[in-house]
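Q: I have a model open and I'd like to learn how to read it. Can you take me through some features one at a time?

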Amino acid sequence: MRLFIISILFVSLSVFAAPKKQGFIDTYPLQTRSVVLSTQDSLRQAFNIPINDSLLGLDFKKRRKYLEAITSSRIAAMTPIDVRRFKELLENITLFAKQNADDDLALEIAFLTIRLNVDGLAPKVKEQRLLSLDSVSSVLQLDWLGVYTKHQLGVLYVNSSRSSKGLFFIFKALYILEHNLSDPKYEFILNTFVGRQAYIKEQYLLSKRYFKKAAQNQNYKFTGANVHLALAYRGLKMLDSSNYYFRLAKEIAIAKNDTVFVEVINGDIGENLYLEGNYKDALPLLHADADFYLAKKSFGNASNALVFISASYLALGEPVKSELFMKKAYSAAKSSKELRRMKPIYRQLAKWSAYSGNAKNTLLYNDSLEVISNKLHLEFNKFSGFEADKLVKLNASELDLLETQKDQEYSDKLFWGIVCFVFCFLVILSLLFLTYRANKKLKEKNLAFSNLQLTGKLEDANSQLKVYITETQQKSLTEKVILTDANWREFLQHFNKVHPGFVMYLKQQYPKLTKAEVRFCCLSSLSMSDKEMAAMLGVGRASIRVTRQRTRVKLSLKQGASLEKVFLKLLETIH
């Protein structure tokens, strides 16, 4: 039955071979040719590949350890003649595996050949061969091969702008690792991949979840895992946690004498210093970070460092330097061709224009910022919806498949038991039947429990999404500029969506408040500093302080009472 299924599968994929020996691997085509032993030996030494006998009968982890030195970058650096000889070496190992009936080894080499693309396949052909190999892994229940192929398919689809399809395969691979297979290396690789995709789409809560899984992998303590986690915490505005993981990553990099990573981490620490308001200490680190990425022509990361330099100089009252680095940041962001890199650019341009008193440009850049934010938000919604809904559906379908396979295996065993013992052991047959019913009920209970867990995960994902949307709406309020009555009406419209009833309740309770004092109350409720209010309203700090004092008097606040706490309590009351 197994050979019949495999034969049908490969006939449908138009993969034919002339087998010399029965076995699954005979369905793969193999071109044998003589290879000079000295050439093979030199290639084995270059890639630390042992003799063929040492590769037989190994589990996938040990076999992978022998073959992990074979990387795409090393193959790309080889001459065409060396690539041809290397291909002949792989064919030699495959032939040896066939002769010794080691299908796993032959499949590993087949996957390696496709992954490294030693045949120079077109992307579409490579995709079809990976899908073929993935189908084989499902038929033969080879979980290790399924994880390999699904990972490669996921990367291939994501890199070709088919993110949803790619993440579908990545989550399937993660499901196998969670339920059927122990492979810490691939758990680290896949969790990091998902975390990075979420981070790029500004879904920081989701990226934190997967980066944390990668960082907590006891078998793989890498510097990059902690850096990724620190970036996710920074996206969530949790700077204390971000600083902790940056320090941890830096300690690991210093211990490994990895000067490149130390330089990268210093730049990230510089950004955190800026966010904490420590502009002077941030500048040297940000300058070094910008120079480092510009030298490597990594324009996206360079633009990020340059925009923070511009913002630091503006905060320190040096607008000329700020403008200079703003132009450099804009040029680098354009060169990167990444939409998300323009978001901090337009935000800083809006602040710079407000500082310069150019209300028209301030509004223009804020509008551009809103357009980019909306586009990124659409991508975020697609990613979030995929992660929550597809993962639940995927788990349910996989559970159904596993249950079907188990039921089929059990039915086969039951059938042969009946054939052999039906006439002599009626009592045993009855017992087996009762056991079958009990197992079936147990499986139904287990499936119901699993579905309950999946429902909980979905509800958790939805609640996290709602929290993120609320935070995003509140953040957008603090980035607006109120210079005219039209600006105030637009701000009030958005403010009432986030905090409905606040302004109306305030006017009812304190009717003597002026229009300026109501504005002050709204901005204070958003926990904005005097400096931020002054920049938003286009007035001096002294004016803000005077308005604050008048408001305290009209609200009848005692000396020492916190105005911000009053507004927070009021927000809790109306919500």
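Q: Let's start with one side chain. Which residues does Trp 144 touch, not counting residues up to four places away in sequence?

A: Keep in mind that this is a predicted model. Leaving out those sequence neighbours, Trp 144 touches Phe 60, Arg 63, Asp 104, Leu 107, Glu 108 and Leu 181.

Q: And what does the largest nonpolar core look like, and which residues have the most contacts inside it?

A: The general idea is that in soluble globular proteins, nonpolar side chains tend to be buried together. Here the largest nonpolar core has 33 residues, and those with the most contacts inside it are Leu 107, Trp 144, Leu 145, Val 147, Leu 174, Leu 181 and Leu 190. Helices α7 (103-116), α8 (123-140), α9 (143-159), α10, α11 (184-200) and α12 (204-215) each supply at least two residues of this core. There's also a second, separate core of 26 residues, with Leu 513, Val 518, Met 533 and Ala 534 among its members.

Q: Stepping back, how many helices and strands does the chain have?

A: The count is 27 helices and 0 strands. Of the chain's 575 residues, 42% count as buried. You can also look at how contacts spread along the sequence: among those between residues at least 6 apart, 60% join residues at least 24 apart. As for the outside, the chain exposes about 31100 Å², and carbon and sulfur atoms supply 57% of that.

Q: Let me zoom in on α10. How many residues does it have, and how far does it reach?

A: To read a helix, check its span first, then its burial. Helix α10 covers residues 163-179, which is 17 residues, and reaches 24 Å from its first C-alpha to its last, close to the 24 Å expected at 1.5 Å a residue. For burial, the list in α10 is Gly 166, Leu 167, Phe 169, Ile 170, Phe 171, Lys 172, Ala 173, Leu 174, Tyr 175, Ile 176 and Leu 177. Notice that Lys 172 is on that list of buried residues.

Q: Now charges. How many salt bridges does the structure hold?

A: Side chains of opposite charge can pair when their charged atoms come close. This structure holds 16 salt bridges. Take Glu 127 and Lys 124, whose closest N and O atoms are 3.8 Å apart. These two are 3 residues apart in helix α8, so about one helical turn separates them. Glu 127 counts as buried because its relative accessibility is 4%. Salt bridges that share partners also join Lys 124, Glu 127 and Arg 162 into one network.

Q: Which salt bridge partner does Asp 134 have?

A: The partner is Lys 150, with the closest N and O atoms 2.7 Å apart. This pair links distant parts of the chain: Asp 134 sits in helix α8 and Lys 150 in helix α9, 16 residues apart. Both Asp 134 and Lys 150 are buried.

Q: What about Lys 554 and Glu 517: where in the chain are they?

A: Their side chains meet in a salt bridge at 2.9 Å, N to O. Lys 554 is in helix α26 (residues 541-554) and Glu 517 in helix α24 (residues 515-525), so to speak a link between distant parts of the chain, 37 residues apart. Compare the burial of the partners: Lys 554 is partly exposed at 31% relative accessibility, whereas Glu 517 is buried at 3%.

Q: Is Asp 268 buried or exposed?

A: Buried, because its relative accessible area is 10% and the cut-off for buried is under 20%. Asp 268 lies in helix α15 (residues 259-275). Leaving aside neighbours within four places in sequence, Asp 268 is in contact with Val 227, Leu 231, Arg 234 and Phe 246.

Q: How far apart in space are His 499 and Cys 522?

A: Compare sequence separation with C-alpha distance. His 499 and Cys 522 are 23 residues apart in sequence and 9.6 Å apart in space. His 499 is in the loop between α22 (485-498) and α23 (502-509), and is buried at 6% relative accessibility.

Q: Last one: which residues form a nonpolar patch on the surface?

A: They are Phe 421, Phe 425, Ile 428 and Leu 432, with about 350 Å² of accessible area together. Ile 428, found in helix α21 (residues 426-478), is partly exposed at 45% relative accessible area.

How values were computed:
Residues are numbered from 1 along each chain as its sequence is written. This is a predicted model: local features need pLDDT of at least 70, side-chain atom pairs count only at pLDDT 80 or more; totals for chains, interfaces and linings use all residues. Side-chain values use heavy atoms; hydrogens and water are left out. Helices (H or I, at least four residues) and strands (E, at least two) are DSSP runs, numbered from the N terminus. The expected span of a helix is 1.5 Å times one less than its number of residues. Buried means under 20% relative accessible area, exposed over 50%, partly exposed in between (1.4 Å probe, protein chains only). Patches are made of residues with over 30% relative accessible area and no salt bridge: like charges are joined within 9 Å, nonpolar side chains (Val, Leu, Ile, Met, Phe, Trp, Tyr) within 5 Å. Accessible areas come from the Shrake-Rupley method with a 1.4 Å probe; for residues, only the protein chains shown count as cover. A salt bridge is a side-chain nitrogen of Lys or Arg within 4 Å of a carboxyl oxygen of Asp or Glu. Contact means heavy atoms within 4.5 Å. A nonpolar core is a set of buried Ala, Val, Leu, Ile, Met, Phe, Trp, Tyr and Cys residues joined through side-chain atoms within 4.5 Å.
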